[in-house]
Amino acid sequence: MARRAVGGSAGAGGSGVKAARRPEVRLPSLDPFDGGGLEPDGDYDGLEFREGDFAGQDGGGARFMDCALKECVLDETRLTRARILDSVLTGPRGVGTDLAEATLRDVEVVDARMGGVQLHGAVLERVLIRGGKIDYLNLRTARLTDVVFESCVLVEPDFGSARLERVEFVDCAVKGADLTGATLRDVDLRGAASLEIARGVERLAGAVISPAQLLDLAPVLAGALGIRVEG
């Protein structure tokens, strides 16, 4: 496995919030994947999946180690309880990809164009999600440790009852996030280009935000606390 975790930005550490440890994946020489499709409980090691169309296929419980997935189609692909380790996903596309209870460790996801991704109950550790757009990302009851969202757009992400520790949002747009029941620790939201929280704003304890973000969130915070603001 060729990777090295690296520390987060000095700015995050300087504020008292612990910075996320980013993955740095260095893949070995890869063999092209020449199989017909994914298999349940499959074991994929050191492979390159290039422009594969895995729509509707079942790879539940599969293990991907030191793999590169490039421009793959994942519409309704079933990857429940899959393990994706020391791997890079570049340009994945798909709606309804099912990664419930999956494990992602030392993974980079670059320029994803996805919607309705099911990651509820999943474990994400040292994961970088950079670029692209993900609509309706379901991370309910998931555990996120050392995760960075960078230069991406998240539309109505659901963090309900999830646990976030050392998670950073850098130059990304977060629209209509649901934090209901979530637990946050060392979560740095200051770098978010835009931040909208639809539900669970009272769960922001354990996060750090900027003064400008505090002003933007003031109406939602007042509503959550039952404060009436009148002119």
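**Notebook: salt bridges and core**

I looked up R105 first and found it partly exposed, at 32% relative accessibility (buried is under 20% relative accessible area, exposed over 50%, partly exposed in between, with a 1.4 Å probe and protein chains only). This is a predicted model, in which local features need pLDDT of at least 70, side-chain atom pairs count only at pLDDT 80 or more, and totals for chains, interfaces and linings use all residues. Residues are numbered from 1 along each chain as its sequence is written, and side-chain values use heavy atoms, with hydrogens and water left out.

**Entry: R105 and its partner**

I checked the side chain of R105 and found a salt bridge to E125, 3.4 Å from N to O. My rule for a salt bridge is a side-chain nitrogen of Lys or Arg within 4 Å of a carboxyl oxygen of Asp or Glu. R105 sits in strand β8 (residues 103-115) and E125 in strand β9 (residues 123-135), so the pair ties together parts 20 residues apart in sequence. Strands are DSSP runs of E, at least two residues, and helices are runs of H or I, at least four, numbered from the N terminus. E125 is partly exposed at 25% relative accessibility. I then followed shared partners: salt bridges join R105, D106, E125 and R126 into one network.

**Entry: E150 and R22**

I asked which residue E150 pairs with. The partner is R22, with the closest N and O atoms 2.8 Å apart. E150 belongs to strand β10 (residues 143-150), while R22 is in the loop between α1 (10-14) and β1 (31-32), so this salt bridge ties together parts that are 128 residues apart in sequence. I looked up exposure for both ends. E150 is buried, with a relative accessible area of 16%. R22 also counts as buried, at 19%.

**Entry: R93 and E71**

I found R93 and E71 in a salt bridge at 3.5 Å, N to O. R93 is in strand β7 (residues 93-95) and E71 in the loop between β5 (68-70) and β6 (83-90), 22 residues apart. R93 is partly exposed at 35%, and E71 is partly exposed at 36%. The full count by the rule is 19 salt bridges.

**Entry: the core**

I turned to the largest nonpolar core, which has 56 residues. A core here is a set of buried Ala, Val, Leu, Ile, Met, Phe, Trp, Tyr and Cys residues joined through side-chain atoms within 4.5 Å. F49, F64, L119, L124, L144, F149 and F169 touch the most other members. Strand β8 gives the largest share of this core, five residues. I listed contacts (heavy atoms within 4.5 Å) for L119, leaving out residues up to four places away in sequence: L99, A100, L104, L124, L137, N138, L139 and A142.
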